[in-house]
Amino acid sequence: MGAKVVTVTSGKGGVGKTTTTANLGVALARMDKKVVVIDADIGLRNLDVVMGLENRIVYDLVDVIEGRCKLRQAMIKHKQFPELYLIPAAQTRDKSAVSPSDMIQLTDQLRNEFDFILIDSPAGIERGFRNAVAAADEVLIVTNPEVSAVRDADRIIGLLEAENKGPGQLILNRVKSDMVKKGEMLSADDVTDILAIRLIGIVPEDEGVIPASNSGNPVTLNENSRAGAAFRDIARRLMGENIPLVPVEENGGFLKRLSRLFAGSSNGS
Amino acid sequence: MVSFLDRLMGRAPAKGSSSKAKERLQFVLVHDRINLPPEQLDAMKQEILAVISKYVSVDATNVDIALQQRDRDSLLVAEVPFKKRREGIEQDDPAYQLSNVEEETEPTNAAPQRSSAGNATKTTRRRKS
Ligand SMILES: Nc1ncnc2c1ncn2[C@@H]1O[C@H](COP(=O)(O)OP(=O)(O)OP(=O)(O)O)[C@@H](O)[C@H]1O
Ligand SMILES: [Mg+2]
(Lines give C-alpha, C1' and ligand atoms only; values in the text may rest on other atoms or scores of the structure.)
(Ligands and ions follow the chains in the order given, each with its own letter.)
Protein backbone atom coordinates (compact mmCIF):
# COMPACT_ATOMS: atom_id res chain seq x y z
CA MET A 1 0.00 0.00 0.00
CA GLY A 2 2.81 2.44 0.76
CA ALA A 3 1.40 5.92 1.14
CA LYS A 4 -1.06 7.06 3.72
CA VAL A 5 -3.82 9.13 2.16
CA VAL A 6 -4.81 12.00 4.45
CA THR A 7 -7.74 14.27 3.59
CA VAL A 8 -8.09 17.70 5.16
CA THR A 9 -11.72 18.79 5.33
CA SER A 10 -14.01 20.98 7.44
CA GLY A 11 -17.62 21.57 6.51
CA LYS A 12 -17.46 25.31 7.03
CA GLY A 13 -15.37 27.31 4.57
CA GLY A 14 -12.38 29.46 5.37
CA VAL A 15 -11.32 27.70 8.56
CA GLY A 16 -7.82 26.83 7.32
CA LYS A 17 -7.91 23.62 5.25
CA THR A 18 -5.65 24.91 2.50
CA THR A 19 -3.26 26.49 5.00
CA THR A 20 -3.15 23.20 6.89
CA THR A 21 -2.60 21.06 3.80
CA ALA A 22 0.22 23.26 2.54
CA ASN A 23 1.94 23.36 5.91
CA LEU A 24 1.63 19.66 6.58
CA GLY A 25 2.96 18.94 3.10
CA VAL A 26 6.01 21.12 3.65
CA ALA A 27 6.54 19.91 7.21
CA LEU A 28 6.48 16.26 6.15
CA ALA A 29 8.78 16.94 3.20
CA ARG A 30 11.21 18.65 5.53
CA MET A 31 11.35 15.45 7.51
CA ASP A 32 12.37 13.63 4.34
CA LYS A 33 8.99 12.15 3.55
CA LYS A 34 7.89 11.73 -0.03
CA VAL A 35 4.72 13.75 -0.30
CA VAL A 36 2.17 14.66 -2.91
CA VAL A 37 -0.51 17.24 -2.12
CA ILE A 38 -3.67 17.25 -4.21
CA ASP A 39 -5.95 20.27 -4.53
CA ALA A 40 -9.44 18.78 -4.74
CA ASP A 41 -11.16 22.14 -4.59
CA ILE A 42 -12.12 22.12 -8.27
CA GLY A 43 -13.00 25.58 -9.54
CA LEU A 44 -11.44 27.35 -6.55
CA ARG A 45 -7.79 26.50 -6.99
CA ASN A 46 -5.76 27.83 -4.03
CA LEU A 47 -3.22 25.34 -2.81
CA ASP A 48 -0.84 26.29 -5.64
CA VAL A 49 -0.63 29.94 -4.55
CA VAL A 50 -0.31 29.13 -0.85
CA MET A 51 2.63 26.89 -1.76
CA GLY A 52 4.12 29.37 -4.22
CA LEU A 53 3.80 27.07 -7.25
CA GLU A 54 1.15 28.86 -9.29
CA ASN A 55 3.46 29.86 -12.13
CA ARG A 56 4.46 26.31 -12.96
CA ILE A 57 1.05 24.87 -13.69
CA VAL A 58 0.49 23.34 -17.09
CA TYR A 59 -1.89 20.47 -16.44
CA ASP A 60 -4.30 19.84 -13.58
CA LEU A 61 -6.27 17.14 -11.79
CA VAL A 62 -9.10 17.11 -14.31
CA ASP A 63 -6.66 16.86 -17.22
CA VAL A 64 -5.30 13.69 -15.62
CA ILE A 65 -8.74 12.24 -14.96
CA GLU A 66 -9.94 12.99 -18.47
CA GLY A 67 -6.78 11.56 -20.00
CA ARG A 68 -5.36 14.74 -21.53
CA CYS A 69 -2.02 14.19 -19.85
CA LYS A 70 -0.05 11.63 -17.93
CA LEU A 71 -0.26 11.78 -14.14
CA ARG A 72 3.44 12.73 -13.96
CA GLN A 73 2.88 15.74 -16.19
CA ALA A 74 0.40 17.25 -13.75
CA MET A 75 2.70 16.81 -10.76
CA ILE A 76 4.55 20.01 -9.96
CA LYS A 77 7.78 19.60 -8.08
CA HIS A 78 8.28 21.97 -5.17
CA LYS A 79 11.16 24.43 -5.65
CA GLN A 80 12.74 23.69 -2.29
CA PHE A 81 11.82 20.07 -1.62
CA PRO A 82 12.46 17.68 -4.50
CA GLU A 83 10.27 14.99 -2.93
CA LEU A 84 7.23 17.24 -2.56
CA TYR A 85 4.73 17.48 -5.41
CA LEU A 86 1.48 19.33 -6.03
CA ILE A 87 -1.37 18.23 -8.27
CA PRO A 88 -3.37 21.43 -8.82
CA ALA A 89 -7.12 21.69 -9.14
CA ALA A 90 -8.74 22.71 -12.40
CA GLN A 91 -9.78 26.31 -12.19
CA THR A 92 -12.33 26.45 -14.98
CA ARG A 93 -14.29 23.31 -14.20
CA ASP A 94 -16.59 22.23 -11.39
CA LYS A 95 -16.77 19.35 -8.95
CA SER A 96 -18.82 17.17 -11.28
CA ALA A 97 -15.73 16.71 -13.46
CA VAL A 98 -14.38 14.34 -10.77
CA SER A 99 -15.97 11.32 -9.12
CA PRO A 100 -15.06 9.51 -5.90
CA SER A 101 -13.81 6.51 -7.87
CA ASP A 102 -11.57 8.79 -9.98
CA MET A 103 -9.93 9.90 -6.74
CA ILE A 104 -9.45 6.34 -5.58
CA GLN A 105 -7.86 5.36 -8.90
CA LEU A 106 -5.60 8.39 -8.91
CA THR A 107 -4.33 7.85 -5.39
CA ASP A 108 -3.83 4.15 -6.04
CA GLN A 109 -1.42 5.08 -8.83
CA LEU A 110 0.56 7.21 -6.36
CA ARG A 111 0.52 5.02 -3.28
CA ASN A 112 3.60 2.99 -4.12
CA GLU A 113 5.83 5.97 -4.72
CA PHE A 114 4.97 8.20 -1.79
CA ASP A 115 4.77 8.21 1.98
CA PHE A 116 1.92 10.69 2.22
CA ILE A 117 -0.80 11.84 -0.14
CA LEU A 118 -2.53 14.92 1.29
CA ILE A 119 -5.85 16.00 -0.18
CA ASP A 120 -7.20 19.53 0.32
CA SER A 121 -10.98 19.29 0.36
CA PRO A 122 -13.41 22.00 -0.63
CA ALA A 123 -15.82 23.33 1.98
CA GLY A 124 -19.30 21.86 2.13
CA ILE A 125 -20.84 18.42 2.34
CA GLU A 126 -21.57 17.67 -1.30
CA ARG A 127 -19.82 16.07 -4.23
CA GLY A 128 -16.52 17.86 -3.68
CA PHE A 129 -16.35 16.62 -0.10
CA ARG A 130 -17.19 13.07 -1.14
CA ASN A 131 -14.52 13.17 -3.84
CA ALA A 132 -11.96 14.38 -1.34
CA VAL A 133 -12.64 11.73 1.30
CA ALA A 134 -13.24 8.77 -1.04
CA ALA A 135 -9.62 7.66 -0.99
CA ALA A 136 -8.76 8.74 2.54
CA ASP A 137 -7.11 6.43 5.02
CA GLU A 138 -7.28 9.20 7.56
CA VAL A 139 -9.37 12.36 7.71
CA LEU A 140 -8.37 15.56 9.45
CA ILE A 141 -11.21 17.92 10.26
CA VAL A 142 -10.19 21.53 10.63
CA THR A 143 -12.33 23.80 12.73
CA ASN A 144 -12.13 27.12 14.53
CA PRO A 145 -13.23 27.71 18.12
CA GLU A 146 -16.56 29.20 17.05
CA VAL A 147 -20.08 27.90 17.35
CA SER A 148 -20.81 27.71 13.62
CA ALA A 149 -17.50 26.09 12.68
CA VAL A 150 -17.82 23.47 15.42
CA ARG A 151 -21.38 22.72 14.43
CA ASP A 152 -20.33 22.14 10.83
CA ALA A 153 -17.45 19.97 11.98
CA ASP A 154 -19.96 17.81 13.82
CA ARG A 155 -21.95 17.39 10.64
CA ILE A 156 -18.82 16.28 8.82
CA ILE A 157 -18.00 13.79 11.56
CA GLY A 158 -21.49 12.32 11.20
CA LEU A 159 -21.08 12.01 7.43
CA LEU A 160 -17.67 10.41 7.81
CA GLU A 161 -19.09 7.85 10.18
CA ALA A 162 -21.86 7.13 7.69
CA GLU A 163 -19.25 6.55 4.98
CA ASN A 164 -17.15 4.35 7.25
CA LYS A 165 -14.31 6.82 7.20
CA GLY A 166 -14.18 6.84 10.99
CA PRO A 167 -14.78 9.89 13.08
CA GLY A 168 -11.54 11.49 11.90
CA GLN A 169 -9.16 13.60 13.92
CA LEU A 170 -9.58 17.23 14.79
CA ILE A 171 -7.37 20.25 14.16
CA LEU A 172 -8.42 23.30 16.11
CA ASN A 173 -7.11 26.29 14.18
CA ARG A 174 -6.90 30.01 14.96
CA VAL A 175 -6.99 29.70 18.73
CA LYS A 176 -6.36 32.95 20.56
CA SER A 177 -4.79 32.15 23.88
CA ASP A 178 -5.64 35.43 25.57
CA MET A 179 -9.31 35.06 24.68
CA VAL A 180 -9.40 31.47 25.89
CA LYS A 181 -7.86 32.59 29.17
CA LYS A 182 -10.53 35.23 29.56
CA GLY A 183 -13.22 32.67 28.87
CA GLU A 184 -14.26 34.42 25.69
CA MET A 185 -13.25 31.65 23.32
CA LEU A 186 -13.94 27.92 23.33
CA SER A 187 -10.88 26.01 24.50
CA ALA A 188 -9.54 22.83 22.98
CA ASP A 189 -11.06 20.92 25.90
CA ASP A 190 -14.45 22.48 25.26
CA VAL A 191 -14.38 21.55 21.60
CA THR A 192 -13.22 17.98 22.10
CA ASP A 193 -15.80 17.57 24.84
CA ILE A 194 -18.49 18.57 22.40
CA LEU A 195 -17.29 16.72 19.32
CA ALA A 196 -15.92 13.70 21.17
CA ILE A 197 -13.20 12.99 18.65
CA ARG A 198 -9.48 12.83 18.96
CA LEU A 199 -7.58 16.08 18.73
CA ILE A 200 -4.44 15.90 16.60
CA GLY A 201 -3.40 19.53 16.83
CA ILE A 202 -4.08 22.98 18.19
CA VAL A 203 -2.91 25.81 15.94
CA PRO A 204 -2.77 29.33 17.34
CA GLU A 205 -3.90 32.41 15.51
CA ASP A 206 -0.70 33.68 14.01
CA GLU A 207 0.03 36.93 12.21
CA GLY A 208 2.71 35.15 10.26
CA VAL A 209 0.20 33.07 8.31
CA ILE A 210 -0.93 35.77 5.90
CA PRO A 211 2.55 37.09 5.02
CA ALA A 212 3.56 33.47 4.51
CA SER A 213 0.80 32.87 2.02
CA ASN A 214 1.46 36.27 0.45
CA SER A 215 4.93 35.07 -0.39
CA GLY A 216 4.05 31.47 -1.10
CA ASN A 217 6.23 30.06 1.68
CA PRO A 218 4.07 28.14 4.17
CA VAL A 219 4.48 29.45 7.69
CA THR A 220 6.00 26.25 9.01
CA LEU A 221 9.21 27.17 7.16
CA ASN A 222 9.52 30.00 9.67
CA GLU A 223 11.20 28.53 12.75
CA ASN A 224 9.84 31.24 15.04
CA SER A 225 6.21 30.92 14.10
CA ARG A 226 3.97 29.32 16.70
CA ALA A 227 1.48 28.18 14.10
CA GLY A 228 4.38 26.77 12.14
CA ALA A 229 5.54 24.78 15.17
CA ALA A 230 2.00 23.49 15.68
CA PHE A 231 1.88 22.25 12.08
CA ARG A 232 5.23 20.51 12.50
CA ASP A 233 3.86 18.76 15.59
CA ILE A 234 0.81 17.59 13.65
CA ALA A 235 3.07 16.28 10.90
CA ARG A 236 5.02 14.26 13.47
CA ARG A 237 1.81 12.87 14.94
CA LEU A 238 0.78 11.80 11.45
CA MET A 239 4.06 9.95 11.25
CA GLY A 240 3.09 8.11 14.41
CA GLU A 241 5.23 10.01 16.88
CA ASN A 242 3.79 10.67 20.29
CA ILE A 243 4.02 14.43 20.73
CA PRO A 244 2.03 15.77 23.70
CA LEU A 245 -0.64 18.33 22.91
CA VAL A 246 -0.06 21.74 24.42
CA PRO A 247 -3.08 23.96 24.93
CA VAL A 248 -2.07 27.33 23.48
CA GLU A 249 -3.36 29.21 26.49
CA GLU A 250 -0.54 27.70 28.48
CA ASN A 251 2.77 29.14 27.59
CA GLY A 252 5.90 29.61 29.61
CA GLY A 253 6.35 28.98 33.32
CA PHE A 254 7.94 25.95 34.86
CA LEU A 255 4.85 24.71 36.63
CA LYS A 256 2.80 25.05 33.49
CA ARG A 257 5.30 23.08 31.51
CA LEU A 258 5.29 20.48 34.22
CA SER A 259 1.53 20.21 34.10
CA ARG A 260 1.73 20.00 30.34
CA LEU A 261 3.96 16.97 30.66
CA PHE A 262 1.35 15.22 32.76
CA ALA A 263 -1.51 16.41 30.62
CA GLY A 264 0.33 15.04 27.59
CA SER A 265 0.13 11.51 28.88
CA SER A 266 -3.64 11.66 29.25
CA ASN A 267 -4.50 13.90 26.29
CA GLY A 268 -2.33 12.34 23.68
CA SER A 269 -4.31 9.09 23.69
CA MET B 1 -13.87 18.08 32.27
CA VAL B 2 -11.58 19.75 34.78
CA SER B 3 -8.66 17.51 35.58
CA PHE B 4 -6.97 17.30 38.92
CA LEU B 5 -3.98 19.09 37.45
CA ASP B 6 -6.11 21.87 36.06
CA ARG B 7 -7.39 22.52 39.53
CA LEU B 8 -3.96 22.23 41.04
CA MET B 9 -2.69 24.76 38.53
CA GLY B 10 -5.56 27.07 39.29
CA ARG B 11 -6.96 27.03 35.79
CA ALA B 12 -10.52 28.01 36.52
CA PRO B 13 -13.38 26.92 34.32
CA ALA B 14 -14.36 29.50 31.70
CA LYS B 15 -16.64 32.25 32.93
CA GLY B 16 -17.11 34.39 29.82
CA SER B 17 -19.10 33.86 26.67
CA SER B 18 -17.32 30.60 25.91
CA SER B 19 -19.39 28.66 28.43
CA LYS B 20 -22.45 30.03 26.72
CA ALA B 21 -21.06 28.94 23.37
CA LYS B 22 -20.50 25.48 24.72
CA GLU B 23 -23.99 25.21 26.12
CA ARG B 24 -25.58 26.41 22.92
CA LEU B 25 -23.49 24.05 20.85
CA GLN B 26 -24.45 21.10 22.97
CA PHE B 27 -28.10 21.95 22.53
CA VAL B 28 -27.84 22.50 18.79
CA LEU B 29 -25.80 19.39 18.15
CA VAL B 30 -27.96 16.97 20.02
CA HIS B 31 -30.88 18.10 17.88
CA ASP B 32 -28.82 18.08 14.68
CA ARG B 33 -27.70 14.56 15.42
CA ILE B 34 -31.11 13.05 16.03
CA ASN B 35 -32.53 14.76 12.96
CA LEU B 36 -36.11 14.84 14.22
CA PRO B 37 -38.29 17.89 13.54
CA PRO B 38 -39.24 19.80 16.71
CA GLU B 39 -42.97 19.10 16.31
CA GLN B 40 -42.33 15.37 16.15
CA LEU B 41 -40.02 15.52 19.11
CA ASP B 42 -42.75 17.29 20.99
CA ALA B 43 -45.40 14.80 19.92
CA MET B 44 -43.14 11.98 21.06
CA LYS B 45 -42.74 13.55 24.50
CA GLN B 46 -46.50 13.95 24.85
CA GLU B 47 -47.07 10.32 23.91
CA ILE B 48 -44.48 9.07 26.33
CA LEU B 49 -46.08 11.09 29.08
CA ALA B 50 -49.53 9.83 28.15
CA VAL B 51 -48.37 6.22 28.39
CA ILE B 52 -46.77 6.73 31.78
CA SER B 53 -49.83 8.57 33.04
CA LYS B 54 -51.98 5.56 32.21
CA TYR B 55 -50.23 3.61 34.96
CA VAL B 56 -49.12 6.14 37.52
CA SER B 57 -50.08 9.57 38.65
CA VAL B 58 -47.54 11.98 37.27
CA ASP B 59 -46.56 15.38 38.59
CA ALA B 60 -46.98 16.94 35.16
CA THR B 61 -45.59 20.34 36.02
CA ASN B 62 -42.16 18.93 36.83
CA VAL B 63 -41.72 16.55 33.94
CA ASP B 64 -38.50 16.95 31.99
CA ILE B 65 -37.93 14.89 28.88
CA ALA B 66 -34.98 16.07 26.84
CA LEU B 67 -32.34 15.01 24.39
CA GLN B 68 -28.83 14.77 25.73
CA GLN B 69 -25.51 13.75 24.37
CA ARG B 70 -22.95 11.41 25.79
CA ASP B 71 -19.81 11.42 23.68
CA ARG B 72 -21.10 10.85 20.20
CA ASP B 73 -24.31 9.14 21.27
CA SER B 74 -27.59 10.93 21.64
CA LEU B 75 -30.07 9.78 24.23
CA LEU B 76 -33.46 10.70 25.48
CA VAL B 77 -33.46 11.38 29.17
CA ALA B 78 -36.77 11.51 31.00
CA GLU B 79 -37.33 12.77 34.48
CA VAL B 80 -40.92 12.01 35.36
CA PRO B 81 -41.72 12.70 39.00
CA PHE B 82 -44.79 11.06 40.55
CA LYS B 83 -47.35 12.89 42.53
CA LYS B 84 -46.49 12.52 46.17
CA ARG B 85 -48.63 10.21 48.25
CA ARG B 86 -50.19 10.57 51.62
CA GLU B 87 -48.00 9.56 54.53
CA GLY B 88 -48.26 6.01 55.74
CA ILE B 89 -50.02 4.54 52.75
CA GLU B 90 -48.37 1.66 50.99
CA GLN B 91 -46.65 2.95 47.84
CA ASP B 92 -47.80 0.25 45.50
CA ASP B 93 -51.33 -0.21 46.78
CA PRO B 94 -53.49 -0.01 43.67
CA ALA B 95 -56.61 0.60 45.70
CA TYR B 96 -55.04 3.71 47.09
CA GLN B 97 -54.01 4.93 43.70
CA LEU B 98 -57.61 4.94 42.53
CA SER B 99 -58.84 6.90 45.47
CA ASN B 100 -55.93 9.27 45.69
CA VAL B 101 -56.90 12.71 44.54
CA GLU B 102 -55.01 14.89 46.93
CA GLU B 103 -51.50 15.97 46.26
CA GLU B 104 -49.34 15.47 49.29
CA THR B 105 -46.58 17.98 49.74
CA GLU B 106 -45.11 16.80 53.03
CA PRO B 107 -42.04 14.79 52.14
CA THR B 108 -41.39 13.17 55.51
CA ASN B 109 -41.75 9.46 55.44
CA ALA B 110 -43.01 9.49 51.89
CA ALA B 111 -41.50 6.66 49.93
CA PRO B 112 -38.69 7.84 47.67
CA GLN B 113 -39.84 8.69 44.19
CA ARG B 114 -39.14 5.93 41.87
CA SER B 115 -38.55 5.31 38.27
CA SER B 116 -41.66 5.47 36.21
CA ALA B 117 -40.43 5.06 32.70
CA GLY B 118 -39.38 1.42 32.88
CA ASN B 119 -36.65 0.26 30.55
CA ALA B 120 -37.43 2.45 27.62
CA THR B 121 -35.96 5.64 28.97
CA LYS B 122 -33.60 6.67 31.67
CA THR B 123 -35.23 8.29 34.56
CA THR B 124 -32.51 10.37 36.05
CA ARG B 125 -30.99 13.37 34.42
CA ARG B 126 -27.47 12.73 33.61
CA ARG B 127 -25.14 15.41 34.76
CA LYS B 128 -22.03 16.38 32.87
CA SER B 129 -19.04 15.50 34.93
N1 LIG C 1 -3.64 29.92 12.24
C2 LIG C 1 -3.97 30.99 11.48
N3 LIG C 1 -3.66 32.25 11.88
C4 LIG C 1 -4.00 33.31 11.14
N5 LIG C 1 -4.63 33.24 9.96
C6 LIG C 1 -4.98 32.02 9.50
C7 LIG C 1 -4.67 30.83 10.24
N8 LIG C 1 -5.13 29.77 9.52
C9 LIG C 1 -5.70 30.27 8.40
N10 LIG C 1 -5.63 31.62 8.38
C11 LIG C 1 -6.15 32.51 7.32
O12 LIG C 1 -7.52 32.22 7.15
C13 LIG C 1 -7.89 32.35 5.81
C14 LIG C 1 -8.55 31.07 5.32
O15 LIG C 1 -7.61 30.04 5.31
P16 LIG C 1 -7.65 28.87 4.22
O17 LIG C 1 -7.71 29.42 2.85
O18 LIG C 1 -6.54 27.93 4.55
O19 LIG C 1 -9.04 28.22 4.59
P20 LIG C 1 -9.85 27.08 3.80
O21 LIG C 1 -10.53 26.27 4.82
O22 LIG C 1 -8.94 26.39 2.85
O23 LIG C 1 -10.89 27.98 2.97
P24 LIG C 1 -11.89 27.45 1.82
O25 LIG C 1 -13.01 26.77 2.52
O26 LIG C 1 -12.29 28.71 1.13
O27 LIG C 1 -11.10 26.52 0.95
C28 LIG C 1 -6.63 32.70 5.04
O29 LIG C 1 -6.59 34.09 4.86
C30 LIG C 1 -5.53 32.27 5.97
O31 LIG C 1 -4.38 33.03 5.78
MG1 LIG D 1 -9.20 26.02 0.74
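Visitor: Which element gives the largest share of the shell around ligand 1?
Guide: Keep in mind that this is a predicted model. The elements that put two or more residues into the shell are α1 (17-30), β7 (169-175), β8 (198-204) and α9 (209-215) of chain A. The largest share is three residues, and it comes from α1(A).

Visitor: Which residues come nearest to ligand 1?
Guide: There are 17 residues around the ligand. K17(A) has a side-chain N or O atom 2.7 Å from a ligand oxygen, and T18(A) has a polar side-chain atom 2.8 Å from an oxygen of the ligand. The nearest ones are G14(A), K17(A), T18(A), T19(A) and N173(A).

Visitor: What is the distance between the side chain of N173(A) and a nitrogen atom of ligand 1?
Guide: N173(A) is one of the residues that come nearest to the ligand. The pair here is a nitrogen of ligand 1 and an N or O atom of the N173(A) side chain, and the distance is 2.9 Å.

Visitor: How much of the accessible area of ligand 1 does the protein cover?
Guide: The space taken by ligand 1 is the second largest pocket. On its own, the ligand has 630 Å² of accessible area, and the protein covers 80%.

Visitor: R174(A) is in strand β7; what is its phi?
Guide: At 37% relative accessibility, R174(A) counts as partly exposed. R174(A) is not a glycine, yet its phi is positive, near 70°.

Visitor: And is N35(B) buried or exposed?
Guide: N35(B) is in the loop between α2 (17-34) and α3 (38-55) of chain B. N35(B) also has a positive phi, about 55°, without being a glycine. The cut-off for the upper class is over 50%, so at 66% relative accessibility N35(B) counts as exposed.

Visitor: Back to chain A: why is helix α5 described as largely enclosed, and what covers its buried residues?
Guide: α5 runs over residues 127-134, and six of its eight residues are buried, so the rest of the structure largely encloses it. Those six are G128(A), F129(A), N131(A), A132(A), V133(A) and A134(A). The cover includes β1 (4-9), α4, β5 (116-120), β6 (138-143) and α6 (147-162) of chain A.

Visitor: Leaving aside close sequence neighbours, which residues does S99(A) contact?
Guide: S99(A) sits in the loop between β4 (84-87) and α4 (100-111) of chain A. Buried means under 20% relative accessible area, so S99(A), at 18%, is buried. Not counting neighbours within four places in sequence, its contacts are R127(A) and N131(A).

Visitor: Which residue of chain B does V150(A) touch?
Guide: V150(A) is in helix α6 of chain A, and it is buried, with a relative accessible area of 0%. Beyond four places in sequence, V150(A) touches T143(A), N144(A), L186(A), V191(A), I194(A) and L195(A), and from chain B, L25(B).

Visitor: What pattern does chain B follow along the sequence?
Guide: Chain B has four helices and two strands. Read along the sequence, they give the pattern α-α-α-β-β-α.

Visitor: How much of the accessible surface of chain B belongs to carbon and sulfur atoms?
Guide: Buried residues make up 29% of the 129 residues in chain B. The accessible surface of chain B is about 9100 Å², and the part belonging to carbon and sulfur atoms is 52%.

Terms used:
Residues are numbered from 1 along each chain as its sequence is written. Chains are lettered from A and ligands numbered from 1 in the order in which they are written. Side-chain values use heavy atoms; hydrogens and water are left out. Buried means under 20% relative accessible area, exposed over 50%, partly exposed in between (1.4 Å probe, protein chains only). Contact means heavy atoms within 4.5 Å. A residue is near a molecule or strand if one of its heavy atoms lies within 4 Å of it. A polar contact is a pair of N or O atoms within 3.5 Å; within protein, one must be able to donate a hydrogen and the other to accept it, and residues adjacent in sequence count only if both atoms are side-chain atoms. Accessible areas come from the Shrake-Rupley method with a 1.4 Å probe; for residues, only the protein chains shown count as cover. On a 1 Å grid over the protein atoms alone, a cavity is a set of points where a 1.4 Å probe fits but cannot get out, and a pocket is an open set with protein on both sides within 12 Å along at least five of seven lines; lining residues have an atom within 4 Å of a point. A molecule sits in a cavity or pocket if more than half of its atoms lie within 2 Å of its grid points.
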